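Good morning, and thank you for coming. Please take a moment to look at the sequence and the structure before I begin.

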Amino acid sequence: MAGTAIIPTRMVLNQLKGRLRTARRGHKLLKDKRDELMRQFMDVVKRNKILRERVEEGLTEAFASLQVASSIMSPEMLEQALLYPRQSVELSMKYKNIMSVNVPLYSFQTQSSDPAEIYPYGFAQTSGELDDALEHMAKVFEDMLELAEVEKTMQLLAEEIEKTRRRVNALEYVMIPDLESNIKYITMKLEENENATKVRLLKVKEMVLQQAHNFK
Amino acid sequence: MGFKALGLDTFPAETPGEAGKLLRQLTRESEAEYAIIYIEENFAAQIQNEIDRFKDSPSPAIILIPGREGSIGLGLQALHDAVERAVGTNILGD
């Protein structure tokens, strides 16, 4: 960028030096931020992986037992049994701040605390397999909730890391080298001007002396 | 779906198109109503761009779950995508 119009004066030089200082400090801070975000991110990724595997396993199991239940009961009966839920879930969301990234925190409340409330039917007309299926689901649901939280956190962190990484790179590979080359350019120009002035003065002095001698 | 018995709201969809429409509807209406939406993988695969729209907003969270036929690995794929996005390369090694 040394080709663009920068006026080689001391004032601009001082300005550029100030900007370089700021850019260097910003670069260092952003780098630290990126490293810390990365550390947090890796933790989240690990937890996410474990949770996802657990959820997928649990759900497959739950679906399998539901399948068994539905093969034992008639579809109408099954539908009727599950038609109207007795339990309801209230989900509340808060935000947690991780390195200036807002990530959600979920907490859920069931309307009634009795775990038996997930069975919205009488036991007379349904099979025990359905109870099993619902129990499986209730268990896996807690993991599912945590998975949602962790996965969202992961996505948000990934975005922030990407942004921070871009900024760090822009500073490191564009801004700072540009500023440095501009500063170098100005310093060189100023030195050149100084030399030119010196040479001119010497020349003038010589001429003046010669004139003085000739007149003598 | 057994989730209804747990007290969740369920929205059945027959086709991916229907699922996409439902998803749009739910996210539009629910400014704060639904914070988490679970969607089956086999539908999610076909409405990926709808889902990607919510990747960067804190709410709602759209989470893929395996369907009746078992997992097809899309959920783990999302994890790998996020890692690749953050790190620039896949460092999980699989």
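I shall speak about chain A, then a helix contact between the chains, then a strand pair in chain B, and finally the nonpolar core.

Please keep in mind that this is a predicted model. Let me start with chain A, which contains three helices and two strands. Along the sequence they follow the pattern α-α-β-β-α. Of the 216 residues of chain A, 25% count as buried. Among the contacts in chain A with a separation of 6 or more, 83% join residues 24 or more positions apart.

I turn now to a contact between the two chains. Two packed helices are described by the angle between their axes and the distance between the axes. Here the helices are α1 of chain A, residues 10-72, and α4 of chain B, residues 74-87; their axes come within 10 Å and cross at roughly 170°. Because angles over 145 degrees count as roughly antiparallel, α1(A) is described as roughly antiparallel to α4(B). On the α1(A) side, the contact is made by A:F41, A:V45, A:N48, A:K49, A:R52 and A:E56. On the α4(B) side, the residues are B:G75, B:L76, B:L79, B:V83 and B:A86. By character, the residues of this contact divide into six nonpolar, two polar and three charged.

Next, the strands of chain B. Strand β1, residues 36-40, and β2(B) run parallel and are joined by five bridges. Within this pairing, B:I39 has B:L64 as its bridge partner in β2(B). Is strand β2(B) enclosed by the rest of the structure or open? Five of the five residues of β2(B), residues 61-65, are buried, so the strand is largely enclosed. In a regular strand the side chains alternate between the two faces of the sheet. In β2(B) both faces are covered: B:A61, B:I63 and B:I65 are buried on one side, and B:I62 and B:L64 on the other.

That brings me to the largest nonpolar core, which has 48 residues. Those touching the most other members are A:F41, A:M144, A:L157, B:I39 and B:I63. Both chains contribute: α1, α2 and α3 of chain A, and α1, β1, α2, β2 and α4 of chain B, each supply at least two residues. The largest share, 17 residues, comes from α3(A).

I close with A:M144. Leaving aside residues up to four places away in sequence, A:M144 touches A:V55, B:Y38 and B:I65. Of these, B:I65 was named earlier among the buried residues of β2(B).

Notes:
Residues numbered from 1 in each chain as written. Chains lettered and ligands numbered in written order. Predicted model: local features only at pLDDT ≥ 70, side-chain atom pairs only at ≥ 80, totals over all residues. Axes fitted to C-alpha atoms, helices over the stretch in contact; angles between N-to-C directions. Helix = DSSP H or I, 4+ residues; strand = E, 2+ residues; numbered from the N terminus. Parallel < 35°, antiparallel > 145°, perpendicular 65-115°, else oblique. Contact = placed C-beta atoms within 7 Å. Nonpolar A, V, L, I, M, F, W, Y, C, P; charged D, E, K, R; others polar. Buried ≥ 20, exposed ≤ 12 C-beta atoms within 10 Å, placed from the backbone. Pairing = 2+ DSSP bridges. Core = buried A, V, L, I, M, F, W, Y, C linked by C-beta atoms within 7 Å.
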